[in-house]
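User: Hi, I'm new to this one and would like to talk through its aromatic rings. Could you take me through them step by step?

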Amino acid sequence: MFGKISGKLFRSSKASLLKSGLILALVVIGFSALAQPKNPSSPHVNLIVIDGGINPAVDDFIRENIERAQNSGARALIIQLDTPGGLLSSTQDIVKKILGAPLPVIVYVAPSGAGAGSAGVFITLSAHIAAMAPGTNIGAAHPVGGGGQEVKGVMGEKIENYAASFIEAIARKRGRNAEWAIQAVRRSVSITEKEALAKKVIDIVAKDIDDLLKQADGRKVEVKERQHTLALKNVRIERFEMGLKQKIIDTLADPTIAYLLLMAGILGLYMEFSHPGVIFPGVAGAICLLLALTSFQLLPINYAGLLLILLGIALLIGEAFVPSFGVLGVGGGISLALGSLLLFDTEGSDLAVDRSIIFTAVATLSAFMVVVGYLVVKAQRRKPTLGLVGLVGEIGEVRVKLNPTGKVFVHGEHWNAQGEDEIAVGEKVRVVGFEGMCLKVKRLAETQSS
């Protein structure tokens with residue numbers, strides 16, 4: 001009896017163990033399948049998005065993704081572009097990387113409303129496949145100064161000739177409209193996606209990435225001096241974003257951010273020096289100033305503009321301590337404004353700080369520094385209110401007859417006092433000095449008549 005029962009129990013437990021083991025095995029296999037990375041050798045293209053100015057961070061981002069696309073066996077690298085322009089040095093580096101890329105690079109100006117201005121024209125023309133979305137534009141590649149104005153004189157002529165020859169070489173290398181490219185530099189012409197396709201500036205007008213891949217499939221391009229046929233049918237799209245370091249550099253490379261960090265740093269340090277011991281403004285100002293200096297390493301700056309800014313700050317500080325009747329303050333404000341306008345005025349970039357931001361920042365900083373300086377000087381010249389020195393000039397009442405010494409009640413306290421003659425209890429006296437812990441007083445009527 002017990003043998004039958006134990007046999008049944010054994011068989012039942014054995015079956016349960018088998019079921020549990022089977023379930024556990026299926027769970028492990030399921031998790032392994034989920035954790036299994038996608039096959040890197042499967043057909044795919046890599047996609048990155050550039051939305052903003054062209055700077056060293058963008059240059060590094062494109063370099064990194066060309067290498068990543070090659071190592072992962074991607075069929076192509078797509079660069080979705082929307083830029084108003086940027087640094088000439090970074091643009092040159094990006095163009096060299098695209099022209100020498102070991103795989104096809106497709107530059108796609110998108111989404112609708114985007115544009116490839118200035119530096120973006122060079123980058124788009126250098127691509128193996130140049131494409132644009134409906135409602136986009138390309139052009140206006142004439143080199144300008146940091147404030148958006150034309151570079152005059154021999155230097156301006158040299159820069160224009162160099163940019164024209166550079167973009168002509170790129171267009172001829174890719175078999176695109178070199179005449180239009182030259183006009184984009186010399187005359188700042190700009191065209192829509194339909195005109196660009198008709199003039200053979202670009203190869204494709206695509207409404208989205210899928211349409212772009214469909215139209216680009218089967219096209220022949222030259223990669224490393226060899227003919228290459230694009231096979232982009234049913235490929236997987238892998239998207240990549242900037243790393244944290246690149247995002248920080250990209251943010252700091254914005255001239256508006258750099259300028260505001262400079263102003264904030266100067267303001268913070270000024271507050272700390274004018275109010276020692278507050279600590280927070282000094283720490284925040286030092287951090288902002290160091291970040292601004294980091295930005296200046298990434299951006300081409302005009303050192304004359306930087307010196308004018310420093311001179312303006314020195315004059316504004318001087319206005320608070322020197323009675324110049326406003327001459328130093330006005331001069332400081334003008335110097336600060338001129339320096340701000342010239343700070344990024346270089347032939348190496350078409351980046352600029354919006355003038356409304358400059359004038360607002362200059363007016364705010366100037367007014368703040370003058371007001372703070374005035375309050376500091378006023379506080380330093382104010383009559384002391386504490387201690388024996390603070391009692392001089394105060395009015396008190398005699399509580400113990402002065403003959404010539406006694407006691408007076410002044411400022412809520414009883415003090416030993418000494419008068420020049422006898423003063424009765426209840427008379428009003430004014431404190432005129434002190435010797436040790438004894439106040440020197442005179443009748444109130446005597447001090448008023450004198």
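Analyst: What follows is a short walk through the ring pairs and one charge over a ring, bearing in mind that this is a predicted model.

User: OK, how many aromatic pairs are there?

Analyst: The structure holds two aromatic pairs. One of them joins Phe 122 and Phe 166, which are stacked with 5.6 Å from centre to centre and 25° between the planes. This pair links distant parts of the chain, since Phe 122 belongs to helix H4 (residues 119-126) and Phe 166 to helix H5 (residues 153-173), 44 residues apart.

User: And the other pair, which residues form that?

Analyst: Tyr 162 and Phe 166 form a stacked pair as well, with their centres 5.9 Å apart and an angle of 15° between the planes. Both of these residues lie in helix H5, where they are four residues apart, or about one turn of the helix.

User: So what do the ring pairs link together?

Analyst: They link Phe 122, Tyr 162 and Phe 166 into a cluster.

User: Is Phe 166 buried or exposed?

Analyst: Phe 166 counts as buried because its relative accessibility is 17%, which falls under the 20% cut-off. Phe 122 is buried too.

User: Then why does Tyr 162 count as partly exposed?

Analyst: Tyr 162 counts as partly exposed because its relative accessibility is 39%, and that class lies between 20% and 50%.

User: Switching topic, what lies over the face of Phe 409?

Analyst: That is Arg 399, which is placed over the face of the Phe 409 ring, at 4.4 Å from the ring centre.

Key. Residues are numbered from 1 along each chain as its sequence is written. This is a predicted model: local features need pLDDT of at least 70, side-chain atom pairs count only at pLDDT 80 or more; totals for chains, interfaces and linings use all residues. Side-chain values use heavy atoms; hydrogens and water are left out. Rings of Phe, Tyr and Trp (its six-membered ring) pair if their centres lie within 6.5 Å; planes under 30 degrees apart count as stacked, over 60 as edge-to-face and the rest as tilted. Helices (H or I, at least four residues) and strands (E, at least two) are DSSP runs, numbered from the N terminus. Buried means under 20% relative accessible area, exposed over 50%, partly exposed in between (1.4 Å probe, protein chains only). A charge sits over a ring if NZ of Lys or CZ of Arg is within 6 Å of the ring centre and within 35 degrees of the ring normal.
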